[in-house]
Structure formats: structure tokens, C-alpha cells
Amino acid sequence: IPLVHVPKPDLAERTAFLAAATDPAADGGFPVPDDFDAEAFARSAQGMGLRQLQEVLLRARDADEPLSPAFLKQKKREILNAEYGDVMEVVEPARGLEDIGGHDHIKKFFADVLEGIRKGDARLVPMGVTLMGPPGTGKTAIVEALAREAGFNFVKTRSVRSMWVGESEARMEKLVLGLRSLAPVVVMNDEADLAEGGRDAAKGDSGVSERRMKMWMELLSDPR
């Protein structure tokens, strides 16, 4: 059976949908503040489908809440965690690099990465960074701060392993497709060494781990 992937709407499609849905001249148009910017709102809704955007509009209207970026962030987190919660957690970053004490050499490294992101210079933006250290030293906080400073989505992966044949690969595919739809995104793969092990180590699981690792490495090597 052919597999056809139907992607989430891009920025232009989300913007056009929001412009039409909030048009005051349209029948049944959703009320929005005078300073509502459809493109900025659509940019913040990266990773959401049009039905999910419509759900946000409906919730705002039913709750008599202003359609603000804060309202969108809250509902986006709820909706995407309901959709992808079994393979990843969508998190709203709460702090930036300036809120982290110490780790000056690490913050300097990520400041250079952020500069490369702002300039669009891919040479300064690594496809992945390994943070090593004992628990409680601030590794997750640093990654969260990077996402906040960059203005990117931030997610924490969950284990995709399953005891059922084929389900691990299906969950991995769901994770990869979810991350692609949320891009640009900062991904925290916590304790990756324990979850995946070495690439060349024997797994004894009929090749399941190798197939999952292949999908993960293909994602990491994609410059998009």
C-alpha cells in the first residue's frame, strides 16, 4: 500500500486561513483585537493544522478571551501534547541565558550559535550538541534557554520503545514527523546514551534499534 504523507500547513497557508477566519466582513468571522497580526500569529502556530487553529479560535470566542499570543501558546501546548504526548512533550521555555548563573563558557558557545541563527549562517549552527554532566547541573535549563532566545519551539522527547512488533518504528516515525512539522525546533533528547546506546553495539532486537537510529540520524542531518 503506498504511503502518502500529508504535511501540516506552511506559514503562508496558516496566514491565509487566519486572515479569512478573522475577516470582520466575512459571515461568522472570529473577533480579534485591533492590533491582530495574522502573519505573526501564524508564525507562532508553527506545527499546528488548520483544524487545530480553528479550535483555538473557537476556544477563545467561547471563553470570551482575547486572541493573544499568550492564549495561543497555552492552547498550542495543550493541543500538540494531546497529539504527540506519547512520543514528546512540547514545553514553553520559561527562562533565557541571562537567567542562568555560571556556565559562562557554555553560554558563550550558545550565544555564538544564536548569532549564527540570526544571521542565517548555517556554519555556526550545529545540527546537534551533546551536553555531559551529573544530574542537576543545568543541562536542561541551558537547552530551554537556547530555545527561548532563538524563539524556536522546544520539545523533550519521550521513549519510543515498545514491546509490540512494529510499534517502536511507528512511534519513531510519529516523533520524526512531529518534529519536522514543528521546525525550527530545539529538541532535548535526555539521557540519549542510555536510551539508544552505541550505534555499532549489538542490540539483539531484530534490527529495530538500528532502524530507529537510522531515522533519528536522518533527521539530525537534515538542514531544514
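**Exercise 1.** Is Arg 59 buried, partly exposed or exposed?

*Solution.* Keep in mind that this is a predicted model. Start with the cut-offs: buried means under 20% relative accessible area, and exposed means over 50%. Arg 59 has 29% relative accessibility, so Arg 59 counts as partly exposed.

**Exercise 2.** Find which residue pairs with Arg 59 in a salt bridge, and follow the contacts onward from there.

*Solution.* First, look at Glu 78: this residue forms a salt bridge with Arg 59, with the closest N and O atoms 3.1 Å apart. Next, place the two partners: Glu 78 belongs to helix H4 (residues 69–84) and Arg 59 to helix H3 (residues 50–62), so the pair links distant parts of the chain, 19 residues apart. Glu 78 itself is partly exposed, at 35% relative accessibility. Then turn to Lys 75, whose side chain also meets Glu 78 in a salt bridge (3.6 Å, N to O). Lys 75 and Glu 78 are both in helix H4, 3 residues apart, about one turn of the helix. Lys 75 counts as buried, at 13% relative accessibility. Finally, bring in Glu 55: a network of salt bridges links Glu 55, Arg 59, Lys 75 and Glu 78.

**Exercise 3.** Work out which strands stand at the edges of the sheet, and what packs on the sheet.

*Solution.* Begin with the strand order, E1-E2-E3, in an open sheet of 3 strands with mixed pairing. Strand E1 (88–91) and strand E3 (185–188) each have a single partner strand, so they stand at the edges, with one side lacking a neighbour in the sheet. Now zoom in on E2 (residues 153–157), which runs parallel to E3 and is joined to E3 by 4 bridges. Here Phe 154 stands opposite Val 186 in E3. Last, add helix H6 (residues 139–150), which packs on the sheet and touches E2 and E3. The direction of H6 makes about 170° with that of E3.

Notes. Residues are numbered from 1 along each chain as its sequence is written. This is a predicted model: local features need pLDDT of at least 70, side-chain atom pairs count only at pLDDT 80 or more; totals for chains, interfaces and linings use all residues. Side-chain values use heavy atoms; hydrogens and water are left out. Two strands pair if DSSP finds at least two bridges between them. Helices (H or I, at least four residues) and strands (E, at least two) are DSSP runs, numbered from the N terminus. Contact means heavy atoms within 4.5 Å. Axes are lines fitted to C-alpha atoms, for helices over the stretch in contact, and angles run from 0 to 180 degrees between N-to-C directions. A salt bridge is a side-chain nitrogen of Lys or Arg within 4 Å of a carboxyl oxygen of Asp or Glu. Buried means under 20% relative accessible area, exposed over 50%, partly exposed in between (1.4 Å probe, protein chains only).
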